[in-house]
Structure formats: C-alpha cells, structure tokens
Amino acid sequence: MKKYTCSLVLAAIIGTPISTFAQQVDADNLEEAATLGTLLLSATEGLRQQCVKLLPEKSKDIETLSLYWQDKNKIETRALTLYRESASKAWVNMISSLLVEQDKRQERLTADKRIQQCNTYFGNITSGKVNMSARIPKASALLSTYADEHPQSEDEYQRSEFRWGCMKQQANRALTNGLSFSIEKAQELCSCLVEIRQANTTPEQRRAENDYAGSNGTLPMPPHIKELLPLYQKCNQTQ
C-alpha cells in the first residue's frame with residue numbers, strides 16, 4: 001500500500017497541474033483507488049461546507065457546482081460506498097486516521113488561504129479538471145470497473161435516477177427563479193419523494209413515468225402521477 005498524505009491530495013484539489021499530480025499519485029489496485037477516492041470525496045465535501053460559510057454571497061453557486069461535481073463523479077462514489085461495506089478493519093482505521101489528518105490540515109490554514117482554495121476549486125469544476133477521472137484517472141477507472149462488476153438492482157437504479165433528477169430539478173428551479181439552494185435540503189426533499197414513489201408505484205408505472213419524463217411532452221402523463229401529487233405535497237410541507 002502506497003503512503004498517501006492528505007497534504008498531497010488536497011494540493012491536487014486546489015490547483016496542482018493534472019500532469020504533475022498524475023505523476024505523483026494514482027492507484028495501482030482497488031484498495032489504493034478506494035483510498036484516494038475517499039480522500040478526494042471527503043475533501044470535496046469539506047470544501048463545499050467551508051466555502052459556503054466563508055463566501056455566503058456565493059453559496060448558491062457553490063452548492064450548485066458541488067451538485068454538478070457529485071453528478072459527474074457518482075459512479076466512483078457508488079463504488080466507494082460498495083467498497084466500504086466489505087472493507088477490512090485495517091483499511092477503515094487507516095482511512096479514519098487520514099481523514100483526521102485532513103481536517104487538522106485545513107484547520108491550520110488562514111482564512112485568506114481557504115478563500116483561495118474556494119475560488120480555485122469551484123472555478124475548475126465545470127471544466128472537469130477536478131473530477132476523479134481527471135485527477136486520479138487510474139483510480140477512477142478501477143472504481144468504475146468495480147461498480148460495473150456490482151450492478152444496481154432495478155429498484156436501486158430507479159431510486160438513484162429519480163433522486164438525481166429531483167436534485168437537478170431543485171437546483172435549476174433555484175437558478176431560474178432566484179431562490180436559495182441547499183444540497184442538504186434538496187436531499188431531504190428528494191429522499192422523501194423517492195420513498196413515496198417507490199412505495200406507491202409498480203416497476204411498470206415507474207418505467208412509464210421515466211418514458212414520459214424523457215418524451216418532452218410527446219407522451220401523455222401517466223394517470224398515477226396525478227394520484228401521487230397529494231402524497232408528494234407532504235414532502236414539501238416538511239421543508
């Protein structure tokens with residue numbers, strides 16, 4: 001197992017040239033891929049939380065860009081979840097130590113340095129420069145292969161696709177109407193909606209709903225959607 005330091009990984013996130021980073025650190029096996037992927041995922045989420053607090057006037061942009069990053073890295077993220085479920089105790093302990101080191105490193109940075117991190121990192125999201133596939137391409141490929149080897153059930157796939165569609169819809173709604181957007185609040189709403197949908201529809205109805213959503217209005221609305229609206233409203237009432 002290679003020795004990875006959080007300083008190296010975080011340096012990559014905030015702007016080390018990709019070619020230089022790739023020469024310094026990447027994975028040769030699944031365990032190394034899971035280690036690097038977990039560190040990058042945790043650092044990314046930590047930066048989101050940090051930057052929203054440091055730059056409240058940019059919070060909506062930060063949250064929207066974070067969602068964009070999550071969507072572009074969702075295959076690797078699912079692989080990391082699968083890997084953790086069967087990981088050895090030694091690996092879990094190692095990751096816990098590295099994450100503590102990561103938090104301590106961030107705490108030592110000045111406010112100015114943290115703001116620089118925010119501007120650099122979120123300025124690179126839409127270009128794809130901070131995606132796992134760009135920063136740790138070998139690790140990304142290993143994680144993607146692992147995800148392919150453990151395909152989702154239809155139920156898991158339907159839940160995932162509906163949740164992501166819902167999250168994107170909430171972000172677009174906020175941007176279009178000048179509303180605030182929070183990933184946590186959107187996750188809460190969308191998780192509520194997906195549970196109602198899965199509990200009150202059949203697989204055939206969900207497939208018909210997906211066909212309708214992708215038809216750009218050329219297909220009639222499945223009748224069960226209207227029947228679910230009162231239940232969906234309960235989710236909105238909790239927001």
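## Overall picture

A residue counts as buried here when its relative accessible area is under 20%. By that standard, buried residues account for 40% of the 239 residues in the protein. Please keep in mind as you read that this is a predicted model.

The secondary structure is quick to describe: there are 13 helices and zero strands. Followed along the sequence, the pattern is therefore simply α-α-α-α-α-α-α-α-α-α-α-α-α. As for how the chain meets itself, take the contacts with a separation of 6 or more: 77% of them join residues 24 or more positions apart.

## The largest pocket

If you are looking for open space, a good place to begin is the largest pocket, with a volume of about 1200 Å³. Its lining is made up of 43 residues, and those nearest its centre are Leu41, Gln70, Thr77, Thr81 and Gln187. Two or more lining residues come from each of α3 (30–54), α4 (59–72), α5 (74–85), α6 (89–107), α9 (137–149), α10 (154–177) and α11 (183–200). Helix α3 gives the largest share, 11 residues.

What is the chemical make-up of this lining by class? The lining of the largest pocket has 15 charged, 15 polar and 13 nonpolar residues.

## The second largest pocket

The second largest pocket holds about 970 Å³ of space. Here 29 residues form the lining, and Gly165, Cys166, Gln169, Gln170 and Leu193 are the ones nearest the centre. The elements that contribute two or more residues to this lining are α10, α11, α12 (203–213) and α13 (223–237). The largest share, nine residues, belongs to α10.

Sorted by class, the lining of the second largest pocket has 15 nonpolar residues, eight polar and six charged. Helices α10 and α11 are thus worth viewing with both pockets on screen: they are among the elements listed for the largest pocket, and they also appear in the list for the second largest.

## Helix α5, one of the lining elements

Helix α5 is a nice case for a geometry check. With 12 residues at 1.5 Å a residue, α5 should span 16 Å, and its end C-alpha atoms are 17 Å apart, which agrees.

Which residues of α5 are buried? They are Glu76, Ala79, Leu80 and Tyr83. Viewed down the axis of α5, these buried residues fall within an arc of 105 degrees, so they line one face of the helix. Their packing partners are α3, α4, α6, α8 (132–135) and α9.

## Two residues to look at

Gln70 sits in helix α4 and is one of the residues nearest the centre of the largest pocket. Is Gln70 buried or exposed? Its relative accessibility is 18%, so Gln70 counts as buried. Setting aside neighbours within four places in sequence, Gln70 is in contact with Glu45, Trp164, Ile183 and Gln187. Gln187 is itself among the residues nearest the centre of the largest pocket.

Ala186 belongs to helix α11. With a relative accessibility of 5%, Ala186 counts as buried. Beyond its neighbours within four places in sequence, Ala186 is in contact with Met167, Gln170 and Phe181. Of these, Gln170 is one of the residues nearest the centre of the second largest pocket. Ala186 also makes a pair with Arg163 that you can check by distance: the two are 23 residues apart in sequence, and their C-alpha atoms are 9.5 Å apart in space.

Terms used. Residues numbered from 1 in each chain as written. Predicted model: local features only at pLDDT ≥ 70, side-chain atom pairs only at ≥ 80, totals over all residues. Heavy atoms only, no water. 1 Å grid on protein atoms, 1.4 Å probe; cavity = no way out; pocket = protein on both sides within 12 Å on 5 of 7 lines; lining within 4 Å. Points joined across faces, edges and corners; volume = space filled by probe spheres on them. Helix = DSSP H or I, 4+ residues; strand = E, 2+ residues; numbered from the N terminus. Nonpolar A, V, L, I, M, F, W, Y, C, P; charged D, E, K, R; others polar. Expected span 1.5 Å × (residues − 1). Buried < 20%, exposed > 50% of the residue type's maximum accessible area, 1.4 Å probe, protein only. Arc of directions from axis to C-beta. Contact = heavy atoms within 4.5 Å.
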